[in-house]
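Reader: I would like to go through this structure by way of its sheet, its contacts and its cores. Please keep the answers short.

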Amino acid sequence: MPDVHSLVNEFTIKLKKRKIEGSKTTAKQTAELLRSVISQQRIPHTNQAAALIDAVKAVGEQLIAANPVELAVGNIVRRVLHIIREEDLSLATAAIGGLSLSAASDDEDDAEQDDHPVLSAAAVAAAARSTLRPPSLQTLLEDVPYSAAVPHNSSSGGDSEGKSKSADKSSRSRKLKHNVIEAVNELISDIATCHEQIAEQAVEHIHQNEVILTLGSSRTVMEFLCAAKEKKRSFRVFVAEGAPRYQGHVLAKELVARGLQTTVITDSAVFAMISRVNMVIVGAHAVMANGGVIAPVGLNMVALAAQRHSVPFVVLAGIHKLCPLYPHNPEVLLNELKSPSELLDFGEFSDCMDFGSGSGSPLLHVVNPAFDYVPPKLVSLFITDTGGHNPSYMYRLITDYYSADDMVVQRRPAF
Amino acid sequence: MECSPRTPRIGFDEAILGNTLHHFRAAGFNLTVASGAKKARGISGKAAGTVVEVANDLPATSKPLKEKMSKSERRALQESQRAAKAAAKGGASVHEQPGKTLKQPSQKKDGPQVTSSVAASEKKGGDRPPEKDRKKDVPPPRMQFDDKNRVEKAKRRAVVKQTEARNRVELFRHLPQYEHGTQLPDLESKFFLLDPMHPAVYKVGIQYLAGDVHGGNARCIAMLQAFREAIKDYTTPQEKTLSRDLTAKINSFVSFLIACRPLSISMGNALRFLKARIAKLSATLAESEAKASLCSDIDRFINEKIVVADKVIVGNAVTKIRDGDVLLTYGSSSVVEMILLHAHELGKEFRVVVVDSRPKLEGQALLRRLVGKGLRCTYTHVNAVSYIMPEVTRVFLGAASVLSNGTVFSRVGTACVAMVAHAFHVPVLICCEAYKFHERVQLDSICSNELGDPDVIAKVSGRMDVNYLDNWANKENLQLLNLLYDATPSDYISMIITDYGMVPPTSVPVIVREYGREHLLI
Amino acid sequence: MWRRSASFVLDKQQQQYDDVEKQESSLLSSTTTPSMAETLQNPSPKISAYYQTRAAHHGVVTSDWLAQAQAAVGRDPDDHPSESSSKSNDSGKPFGVIDDFNNWRKQPDLAEAVAAIRALASVIRSSQATTMMELEIELKKASDSLKSWDTTSISLTAGCDLFLRYVTRTSALEYEDFDSAKLRLIERAEKFGEISYKARKIIAMLGQDFIFDGCTILVHGFSRVVLEVLKMAAQNRKLFRVFCTEGRPDRTGLRLSNELAKLDVPVKLLIDSAAAYSMDEVDMVFVGADGVVESGGIINMMGTYQIALVANCMNKPVYVAAESYKFARLYPLDQKDMVPALRPIDFGVPIPSKVEVETSARDYTPPQYLTLLFTDLGILTPSAVSDELIQLYL
């Protein structure tokens, strides 16, 4: 246990100091940390799932508070919670299925249907299910303990491999933990391979002689473009520098090394050049539930320019960037102001940045935000590791990957 | 004469070596011509006197550089004069040839190639009236940068193997119309070839080149003042009329200035004014009177069209500033700066957001001055404009030119700022003197534009850590694009503040119409 | 109106007839004398039952007026529904249904859908049916008559549909015992009032998160849900300001502003036509909904559409607070593509008979002008509404 504690603390400090950069790394490390939390968690004989959930939640809240702007942390915590609930449910239903003999389970939800013969474990299952599935019109008139049949529930969460688990009651205690860890491992590997998954779709979206514009640098974008190049597509890329980090230079260098025709432009030339561009492909920091995007600073400008010229604005994002929160005022609340030194030479302006002239406030403020919020109406398409989606469909993906309960619980720390 | 194609080359190279060693990468080539360069220098010394008599009317005292005149330089001079004449034929057209040949300075073989081609054409037509040559050489009137055929033709004639040699040009496949690139080293070298240039003009040229004088108004004023100096020192050669010869002279200056940096539209307008004045001079006027009249015309233009106009604009604009406003400006516009300072002097309580962008970072200088005057400022970069825009109540932008379809041609990035402001429903006010209006129309930023030095893209000042593109020139597939202007569509603009009052962008053609008439009458 | 009506002449006649009637009916909004109830035949072609409820529940302002209005409405169902139902419905059961419905409906705090479901529950209770099938048929008839009694009320229709759907699915479940199934249905139906009350609370919870300190909210119309959201936000010590549109001719905004003033929330009243003028100060628009339709758009009090248009044009978010039982399987293509709910309008001066008056009480706001919907199912994008409906009905 102390082992986990120190791990958590270490990770928290890293998050606080912004030592971990990039949502993918953050997501992966969070998942790994939670895995070790789960594996070290002592599990009581009853209500194991709840114990696990509590443990994960406690750690999760701590992590989220450490860097509320890095939404990937919260996403992964919620994903893991969802996994626990799901595994618990599948075990419970499998157990019931074995007893009630109605094992017509081609879908997880069929198993749910069977739980109305109120058996010992059914209550657990029902409770779990009610959290797995968001409320819907169908269930409006129902309430949980009596839950009637729901034949048409399409919110079969994530992977339904759990349904085939045989119901051996004696081994359930170990099994839950084992299954959860297994599923978390899968999640980790999903995060690790999301680039490839996304890049595989590149040829479907990039045609010969396409002109693509991107801003700054994202590993996902780079792999996407390179994947298309490897498939013998020839196209050209405009890379806007992406002030103040100038990651565009890195991307340009990398693309050139892979033999792509690359042109570096200043950020200010985006509007001038966009009319000659066929597609804008960018990465994201986080994708919100309404289809809005928290993206590196400058992308809202690019998106507006793209909209002006009807250029498709395509966002590449691994599923771990999908955040189940609806943003309000995200420009301010989900942003982070970086050091002014990236923009101005302190030596030259130090005198006016801190002299308290009368009012006590310095004459000069330097604003250097890290992120931009791109509203959903400016996004043409999301390409995730599970395929392409409209911004208007994001709400649906969220119900697939997260439990309704967890969103609400974690909401406050996140905002 | 059989060595002539060689000689000008040497002369040119020498100049390059002298001025812009750091830009010139053709080390091997340098070695081969080094001795030749020395020779050329000697020749130039000898040739100087004759050049003055033959080709120049300027007093000898005003010619500090003439000692360096060589054969090749003389040829270049003749070339430029020829070109200037051609340009005169085309009115105030921006001169294509020099711009083209001088583009892409960091190109290894560029300089020499350019010169040799110039020399070649020189050889053919240098000593006789080059009627035939001129016809071919000279861009037709009202040169547009986007005439592909013409550009192609000119390219073929002017620069050998131009496109193949440089990976940078790949970029221009997207901008086939684009024809105005300037390269500092080549241009600087040109000074030595254009010895008979009036020193004032020469100085302005250097200032343009080095970027010491920038901004539409400053450049225009500098040019006009230099011309005034030149006119003061002007004497009409025998058997020539003042109006024709002076026009030719001005044209040669202009082509030199273009070689330094393409003229802005506002400068073209000023030039058009000047030429109209020269053409209108009555033949009976004595030379001194004519010169005095022209000088006063120039002064009047500067005063009325720029200085007073700015005052009017400032007066108009401050009425749109309320207490508690947050005013955003982009880059550094002299008029906007005046407006802000004036409003501050009037005691208005407001805050300024200075948005800046690479590579010029002009905003920092503006910020310095504003903060120095005690204005409360916020500084940010162009990417963060969406972040800052919600708190902004007015956007004040300057313009290089306003075209008659309402498009505002201005510092690159202006369109971005205006677009974001439009998206956030913040009014966008363009402050622009009416002399910068032009009857041309343009829809995008690509048909006509100016390219800056791509090298500055690769280096981020003050950020030693950003060095990924250090050897960019060696990379086949990599191009750096440094656009200087962009075109802001008129629907992003709420208001244009000019010396004719505050007008909507739709009224630009009206102003152009009225102003066009006026500037003939002035 | 013209392009929808079969005959212009007919329209014209109606118009004249209408004017005569209006002079009386116009009293409704101002004085609402009890005698009004007799004058208004239901289903009246001119004034929808929907409107009457609104007038009663959301009408004007002062508490004594409210009491008066309540008294009026309280009498109302006693008088006319019996007539109207006997006239308009010839199916076996409806007499009781509509009666029952109106009895429920007169409770001002009870939503129409709840009343409908309660009424249907009493149909079940009194039903002689012995099989689920029979019961379903009976319910279907009852709900049809309810719906046709007032075709304009969306939440009535949606409530009926929702309940029928539930009954259908319950039967599919095969409760072994028909009686226990029946009991269960009745029990759930009776709980529905509670559900709807809870729904409002959930929506308030979700919605108040979007209210941040220092924001200005424009509210159009009087909606209990929206009021609940604002109340919750005020209780959570959020500092915000509300702009209320006047909401002519019902003057619903006056009522809302009164309520808000009681909560010490700063309120500013605007006339309806000042929406665009004030929009630049506004941070978000909050509206309720009479119905949420398949496309994700809403049908709401007249003026919602224009406010949404203005807000959209100025990039302000438009939030809709609506309980999920208001989701209806309707898909209007444009404004006239729905049953118009008519209401009397008092212009203060007599209107010449030649002058036509637009008396429609509500409009349709297409989904592209809405930002989010706060429902008891959670926060939904307009695209998610159709998802929910498809899941329910397919």
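The questions and answers below concern a predicted model.

Reader: What is the strand order of the open sheet of eight strands?

Author: The model is predicted. The pairing in this open sheet of eight strands is mixed. Neighbouring strands are turned by 25° against each other on average, direction ignored. The order is β11(A)-β10(A)-β7(A)-β4(A)-β1(A)-β2(A)-β3(A)-β9(B).

Reader: Why is one side of β11 of chain A and of β9 of chain B left without a neighbour in the sheet?

Author: β11 (387-389) of chain A and β9 of chain B stand at the edges of the sheet. One side of each is left without a neighbour because each has a single partner strand.

Reader: Which residue stands opposite T262(A) in β9(B)?

Author: Strand β3 of chain A, residues 261-265, is joined to β9(B) by four bridges. These two strands run parallel. Within β9(B), the residue opposite T262(A) is L478(B).

Reader: What is the bridge partner of V314(A) in β10(A)?

Author: Three bridges join β7 of chain A (residues 313-316) to β10 of chain A (residues 381-384), and the two strands run parallel. In β10(A), V314(A) has as its bridge partner L381(A).

Reader: At about what angle does helix α10 of chain A run to β3(A)?

Author: Helix α9 of chain A, residues 219-230, lies across β1, β2, β4 and β7 of chain A and runs at about 135° to β4(A). Helix α10 of chain A, residues 247-257, lies across β1, β2 and β3 of chain A together with β9 of chain B. The angle of α10 to β3(A) is about 165°.

Reader: Which element gives the largest share of the side of chain B that touches chain A?

Author: The contact takes 49 residues from chain B and 46 residues from chain A. On the chain B side, the elements that each supply at least two residues are α16 (362-372), β3 (376-381), α17 (385-388), α18 (414-423) and β9 (478-481). That side divides into 27 nonpolar, 15 polar and seven charged residues. Its largest share, six residues, comes from β3(B).

Reader: Which element gives the largest share of the side of domain 1 of chain A that touches domain 2 of chain A?

Author: The domain assignment of chain A gives domain 1 (2-193) and domain 2 (201-335 + 370-402). Their contact takes 18 residues from domain 1 and 16 residues from domain 2. On the domain 1 side, α2 (23-40), α4 (71-100) and α7 (172-200) of chain A give two or more residues. The largest share, eight residues, comes from α4(A).

Reader: Which residues have the most contacts inside the largest nonpolar core?

Author: In soluble globular proteins, nonpolar side chains tend to be buried together. Here the largest nonpolar core has 337 residues, and its largest share, 14 residues, comes from α4(A). The residues with the most contacts inside this core are I430(B) and L120(C).

Reader: Which residues does L120(C) touch, not counting residues up to four places away in sequence?

Author: Chain C has 394 residues, of which 52% count as buried. With residues up to four places away in sequence left out, L120(C) touches L139(C), A142(C), S143(C), C160(C), F163(C) and A189(C).

Reader: How many helices and strands does the secondary structure of chain C come to?

Author: In chain C, 76% of the contacts between residues at least 6 apart in sequence join residues at least 24 apart. The secondary structure of this chain comes to 15 helices and 11 strands.

Definitions and conventions
Residues numbered from 1 in each chain as written. Chains lettered and ligands numbered in written order. Predicted model: local features only at pLDDT ≥ 70, side-chain atom pairs only at ≥ 80, totals over all residues. Buried ≥ 20, exposed ≤ 12 C-beta atoms within 10 Å, placed from the backbone. Contact = placed C-beta atoms within 7 Å. Domains from an automatic or database assignment. Nonpolar A, V, L, I, M, F, W, Y, C, P; charged D, E, K, R; others polar. Pairing = 2+ DSSP bridges. Core = buried A, V, L, I, M, F, W, Y, C linked by C-beta atoms within 7 Å. Axes fitted to C-alpha atoms, helices over the stretch in contact; angles between N-to-C directions.
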